[in-house]
Every structure is written in C-alpha cells, then in structure tokens.
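User: Hi! I'm new to reading protein structures and would like to understand how the descriptive words are earned. Could you walk me through this one?

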Number of protein chains: 2
Amino acid sequence: MDGALRYLETHRERFLTQLLAYLRIPSVSAQRDRHPDARRAAEFVRARLEEAGCAAGLFQGDGLPTVHGRCGEGAGRPTLLVYGHYDVQPPEPLELWTSPPFEPVVKEGEIRARGCADDKGPSLAMVFAAECWTKGAGGLPTNLRFIIEGEEESGGSVVQRYLEAHKETLAADALVIADTSGVAKGVPALVYGLRGILAAELLLTGPSRDLHSGGYGGTVANPATALGRLIGSLHDRRGTVAIEGFYGAVKPLEATERARLAKVPFVETAFLAETGSPSLFGEEGYTSTERETARPTCEINGLYGGYQGEGSKTIIPSRAGCKITCRLVPDQEPEAIGEALRLHMEKHLPPGVRMELRMGHGAPPVLTDPETRWAKLARGALEKAFGKPCALTRAGGSIPVVNLFQKLLGVQPLLIGTYAPGERAHSPNERYFVEDFYGAIRAGIHLFAGK
Amino acid sequence: MDGALRYLETHRERFLTQLLAYLRIPSVSAQRDRHPDARRAAEFVRARLEEAGCAAGLFQGDGLPTVHGRCGEGAGRPTLLVYGHYDVQPPEPLELWTSPPFEPVVKEGEIRARGCADDKGPSLAMVFAAECWTKGAGGLPTNLRFIIEGEEESGGSVVQRYLEAHKETLAADALVIADTSGVAKGVPALVYGLRGILAAELLLTGPSRDLHSGGYGGTVANPATALGRLIGSLHDRRGTVAIEGFYGAVKPLEATERARLAKVPFVETAFLAETGSPSLFGEEGYTSTERETARPTCEINGLYGGYQGEGSKTIIPSRAGCKITCRLVPDQEPEAIGEALRLHMEKHLPPGVRMELRMGHGAPPVLTDPETRWAKLARGALEKAFGKPCALTRAGGSIPVVNLFQKLLGVQPLLIGTYAPGERAHSPNERYFVEDFYGAIRAGIHLFAGK
C-alpha cells in the first residue's frame, strides 16, 4: 500500500499530463465525424491499461469499441470490475465556453475541458490506481477487470454485447463505477441508490388541420387546451403525482434512510443561486434531498403545438404534445408505471380529441445496501483518500448500464462519488479539480487493496 | 336596373378575364419583396374604378397605398361606402397547392388561386357592379365611395390614416363589405355580428437554465407542468371558460337571436368531415352556430417549452409559454377581459415559477341590427342576386377595420356574404365559384339601387 501511494506521489505530474492528453481527444460518440477521435481515445485507454500491467484489448461491435483489461490475476483473491467510459458529450454550444472544450486549461487547481469529470478524469484515475499497485508495490492484491466503453453518452449496445459474450469470465465481487460526484468539494460519497426511469410521449390530435380560431373557435375541442388539462391532472397543487397507483409500489423511507439522507449537505440559498429557480418546490413531507433522490417524479420535459413564432396566429392547432419522463424508486417497475400512466391519460382525456401515448425507454431503480462488506470497504477507501467522512447518498438520475451489470452479472455496484458537485457535466465549461483527480487515484489504491 | 343587369350579361367573359388578370398579381402585403406587385394590384384596381366612371386615386402612406374612388355624385341621394382589400395572404406552403397560387385555374365552375375569395373576387365584383350602372344604365342611383386597401392581411395603418384624414368627406349611410362567406353554396348571408378579440402571450419561467430531470427532478417547479395546470384552469371540462368575470358583460342571447341563428344551416357530419375533428365540443346549452359566432371563447393558439425534438431529453425546461386569443361578444371589452385574464393567471399561478403575461392586439365585438332599412335592403339585394332567401348570421372572426369605420364614421357595416363557405381563405388551394362572382356583381347592382 505504501509503495502504491508513494508511486502516485512521484508520478503526479505525469498522470496529470496524461489526463490532459486524453482530454485533448474529442471523443464525442454522438457525432459520427468524431468517431475516428473516439477510436483514438479507446487506443489511448488501452495503452494506459497496458502500462498498468493489464492484458488489454478492444471489443469491436456495431459501434464504438469497448476497451477491456485484466490484471492482478490470482486465485482465491477478490475480483473487482471497474466500469467507465471514454466518450464524452457534445461540447455545443461552443460560444458559452470560456476556453475551447478540447484544449484543457488548468487554472487555480481547476481543469476545464469537455469530459474532464464525466468521465475521463475519474475513470483514468482508476487505471492509474492499478498502475500504482503494479509498478509501485510489486503487484495487485485483487483481480481487476476494466470495462471502459465508448457509447455511454449516445446509447449504443456494444458494451451490452461484450457483457453478454463474456459474462462467465466477468464474475466479480463488486462493480466499481467512478462516474458520480461527491456531496461537496473534498467530500466524497458512496451513492447507494439510483432512480429508474420511464420515458413517454403524449400526442393529442383534434382537427385534421389548424383551424381559424375565429371561424371555428367554440365548436371543436382545442388539442392544446386539452393537453394543458391533461398535464394539469398529473399532479396536485403541491407537486404530488396524482396518477392512480403511482405510489403503490413505492417503499416507504425508513428512519435510518431518512437519517442518512439528512446528513447530505443541502444549502437552500446556494441551491437556488445555482439553479436560478425562484423557490424550492416539491412533495410535502420530504426534504429536498429526499425529493431529489428517493421520491419518484413525473416531469414534462417539453411541450409543443400550434403557433410558436413571434406575435400571434389565430388558430386552433391540429395537434399538441408533450414529452414525459418519470423517475422511479424501489419497487416501481417501468412497465407498471407506463401502464398506470396510460390508464390515467385515458381516464382524464378531455372529450373531443384523440390520444396517442408512445412509451420510450425504461430502466428500473437501483438500491443497494451501503452496509455490505464491499460498500464499507469503498466508504473506508474514500475516507482515507479524501481525509473526510464519506457521505452516503442516493442519486436522482438513472445509469442504465448499472441495471445491465446487475441483470447479467448479479454484482453489487459501488458508485464512488469522487469529485465536487457543480462539475457542469453535459454543460459548457465542464470542471474537474486536480485534487479530486489525485483523490480518486488514492481512493482506487485503497479500494484495490480489497480489505 | 335592367340596363345594369343586361350590361353584366354582355360583359360576363370580360369581367372574369379581368378577375383572372387581377389574381395573377402576387400582391402579398406581408412579404416585402412582393410590394412592387402589391402596388401593381393597386394600380389595377384604380384602373377598374376609372373604367367604372369613378374619380380614383391612391392614398400613399407609410406602407402600401389605399385605393379610393368616388362615383355617382349627386345631392339628396344615399351614399354607400364600399370597403375591400387588394392584398392577399402569403401562399405558403406552396407544396400543398394543386396548381400554382398565382396562376389561376378555372375548372368545373371553380376558380383556384390565392386571393380569389379573400378578397379580390368579391371586392372587384363591387367595382364591376358600379360599372354596370354607369355604363349599362346611364349612371348610378347612389353615391359610392370605394376604399380598397392593401394592408388588410398584414396589419398596416395606411387605411386608418386615410380615414382619419378624410372622415368629413366619407360620411355615408352604410358601409358595404364583401369579404365574408354565405352559409352554403348559393346561399348568401348578411353577417350582422363579428366577435371581438384579445390576444395575449403567457410565459412561465423557473430555473435559469434547463436542469437535468434526474439530478433536480422533484426539488423545483417545472414550468411546463405549471403551464399545463394554468391552461387547465381556463375552462371547465365542458369547455365553459372558467376565468372569473369572463361572462359578466356578455349579453344573454335573446329568443329572436337564437331563432335567427337556428336557421343557419349546420350539418354535423359535413362539419366533422370538413374539419377532421373527432366530435363536436363546446359550451353546454348552445348550438354549434351559437358557439361559433355568439359565444365568447378562450383558445390556446400554440404552446412551447423544453425539448421538442425526436426521442426524449431528460430536462426540466427553464421556461414554457403559450399564445392565447379570446374571442369576444357584446358587451365584452378587450381591456376588461385582459384584466380578468391577468387576475385569473395570478390567482391560479402554481407555486415556484415566475409569470409574464403580455397583452397583444384587441378589438371589440360588433353587433348590428339586421332589421334597419339598409340591412333589409342588403338582404333583399342578396336574395334577388342569388335567388335564395338570405341567411342572417353572425361570424366568429374579427375584422378590426369594421371597428375603425364604426369609430371614425359611425356608419353601419353591411357584411354581405356572397361566396360558398369552405373557400380555404389563408390556406392552400383557395377557391371561388365563378357563379358566386356573378352573384356578387348582381348583389352589388341591386344594393347600389339604394332602395
């Protein structure tokens, strides 16, 4: 252990230099003309895995390759799977960046570049942690299997093909994912729950063409008005979802859970300043942290219909629609919630319009026990790495690949939150603190000790 | 009278040929690059007025000219103002036209071209009716003042300037406007009421940027959800407007009025086939004709917010808004209804979002007495011209210029509906029956008799 930590100290500069080189590769998976760059990023990761002493390769499929690596082979030792991704979100809108997204800048301890936090920095830190063991301490005390994919930001299936094809050789004691934030600067977290998701789109149609609102207004139902009524029926005034049966499968929050989430720092003024929202809002009887992570939602992501240009146009629109995503918590199932949504829409559909409800993607929620041996090991590793108590929290988002690992390999995910929140993932001026990078490497070193 | 009618019969072909020439001029006032064409159309109208024996000219202002003409000067005779417009709606979307919009086609008695019904055909018919008198019967029995403007479809103010500058010399007994439809093919109508209008735009804002619906969902109000609730509050389930005070100034429909409107033909199956709406819908206790013409409405003309593209995007939109137009009936005033709308919005605004309500244009409703001497003359003229009883109806739309004439000149409008409904004004494949053109000329001849 000491050797691994010393190795980190003597290679700090090179690790940072290599991260910056990695950040210079514009590996945007959603943009086809960036795919040669994405493949360069895959090769870059493979080379780092090999430097770390892993047997590494690229799994090719119908899309961008999944990089895999194995090291620390030895019988009778724990095995850890490490997941990350080398692809990044598109950098647009470019004009909002204070420096070019693929020309990383380091200033006052802060790296600014697309993908620095999501997920190049944290996932590369895991590879460097392995190197610290193999080159600084004579070898790894655990078996590691790396899976660094290239389609996390664009929804490809190559990683799924890889897992299906290799599930026998991927059996592991835990799955380490460094792709979430801690709860404050320098305060790491173990994220022991994720919300699930159900996406849907609702379309209401009335007349076969836009009608003049003078000549026809009053005689036929207006799809935009009907859409408003229907959206209005989804919640009560305080934000509680009003879909019948929506909360039926929701496990009540236990006292221990609430106590845990109550410890997650939440500063209202800072939150409002960051989001620009005029006030907090949400389900009564729950804290903001609970509302954000442990309670389900039904959000309208967008709505459309009729005339949207300047000024006015006197029409009854032919159609109006909206995008919906529900975030799910245990034990809500996407299929059952989709069915409840459909029944609700059918029941509340205003007269005079036709409805079409299309279901989109779905993923069940994830909730793991933060008190298992591996969870405790991860928490201890984070505490030692950051010198602060590790927070226990749940995240409001969904990471569908976690469901995939759980389903195919039955492995417990350890979502280690190693960077400061406010990283602006998916937004301009993505940020990553250099100290969080070294913290993540230290966390990897401690975690890979396996005890 | 006989001489005028005979003149029409001997000049049928030429009148049609001239209408087609007029339709070939793409006088789209809303499109600046069409303004030279619009000016050509103004010159065309001036030439026709001169051919009819009128002293004609162009009133120039800050926009497209208003064509004016005077004929039949004589003391002690009635004076009629005739209003029309030479500009037309933009023809787009061009791909939906079965023939080019400015290359008129006559097929099976039907003219197809932009502006044929709205308003080149009917207004030119009035000019030709004057010519029939001056050239076929030795002179006009009434004094006529023509005002044919060029900004009706684009909201200019030249005609207002003209009326303000000449109101002393424009005093008249009635105002003839041939710019509305009858109630069925071959069945003309006197339109004795118009609805008023109030336009507004509502914008709700929440967070200062789109937020991730995973990381933030449940903690802040969603402007799209709030917009739905607010739209849903505008009506009850049956379509009655739920804005407090909305109906306060509405005059109850009298029995005579209801009896009149009950005579307007309305065939549900034909109406549904034409509109494509799944069913009739509207305020309980009123017929479709009453809902369309004599009852006020509050329509959502368009709505927008968040992600509208393909698939889903997991955001809480920063803002959402909608366009609203209320159609007003006597004695609703646009200002008062705007105020009621604002109070309603403020009262029902869901928590956690900011509201901005911008008022747009407004016009009061128009209701005239269909039993005055001039209204009866117009009805008689229409009956003689079309050989069918003239329907009495109100129209659901708004014609702001009528308010202007009423306010500046205090003159009774006679809205003569001379063409078959379903003319597709403002839509592709605008239609006008050749027989309705001749019917309108005959109606003008009878009306200009002044008795």
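Analyst: Happy to! Six residues of domain 1 of chain A are in contact with eight residues of domain 2 of chain A. Keep in mind that this is a predicted model.

User: What makes two residues count as "in contact"?

Analyst: Their C-beta atoms, placed from the backbone, must lie within 7 Å. The six residues of domain 1 and the eight of domain 2 in chain A meet that test. By class, the domain 1 side of this meeting has three nonpolar, three polar and no charged residues.

User: Which stretches of chain A belong to each domain?

Analyst: Domain 1 covers 2-194 + 365-448, and domain 2 covers 196-250 + 296-363. The C-alpha centres of these two domains of chain A lie 38 Å apart.

User: Why is chain A called as compact as a globular protein of its length?

Analyst: Start with its make-up: chain A has 13 helices and 18 strands. Its radius of gyration is 24 Å, close to the 22 Å that the globule rule gives for 451 residues, so the description fits. The C-alpha trace of chain A spans about 85 × 50 × 45 Å along its principal axes.

User: How many of the residues in chain A are buried, as a percentage, and what earns a residue that word?

Analyst: A residue is buried if 20 or more other C-beta atoms lie within 10 Å of its own. In chain A, 55% of the 451 residues pass. As for contacts in chain A with a separation of 6 or more, 79% are between residues 24 or more positions apart.

User: Let's turn to chain B. What makes E5 and E18 of chain B paired strands?

Analyst: Pairing needs at least two bridges, and three bridges join strand E5 (residues 110-112) to E18 in chain B. These two strands run antiparallel, and Glu110(B) stands opposite Phe433(B) in E18(B).

User: Why are E4 and E18 of chain B said to stand at the edges?

Analyst: The open sheet has the order E4-E5-E18 in chain B. Strand E4 (105-107) and strand E18 (431-433) of chain B each have a single partner strand, so one side of each is left without a neighbour in the sheet. From one strand to the next, the twist averages 25°.

User: Which strands of chain B do helices H4 and H13 lie across?

Analyst: Helix H4 (residues 116-136) of chain B lies across E5 and E18, running at about 35° to E18(B). Helix H13 (residues 434-448) of chain B lies across E4, E5 and E18, at about 65° to E18(B).

Conventions: Residues numbered from 1 in each chain as written. Chains lettered and ligands numbered in written order. Predicted model: local features only at pLDDT ≥ 70, side-chain atom pairs only at ≥ 80, totals over all residues. Helix = DSSP H or I, 4+ residues; strand = E, 2+ residues; numbered from the N terminus. Axes fitted to C-alpha atoms, helices over the stretch in contact; angles between N-to-C directions. Domains from an automatic or database assignment. Nonpolar A, V, L, I, M, F, W, Y, C, P; charged D, E, K, R; others polar. Rg over C-alpha atoms; globule rule 2.2 N^0.38 Å. Buried ≥ 20, exposed ≤ 12 C-beta atoms within 10 Å, placed from the backbone.
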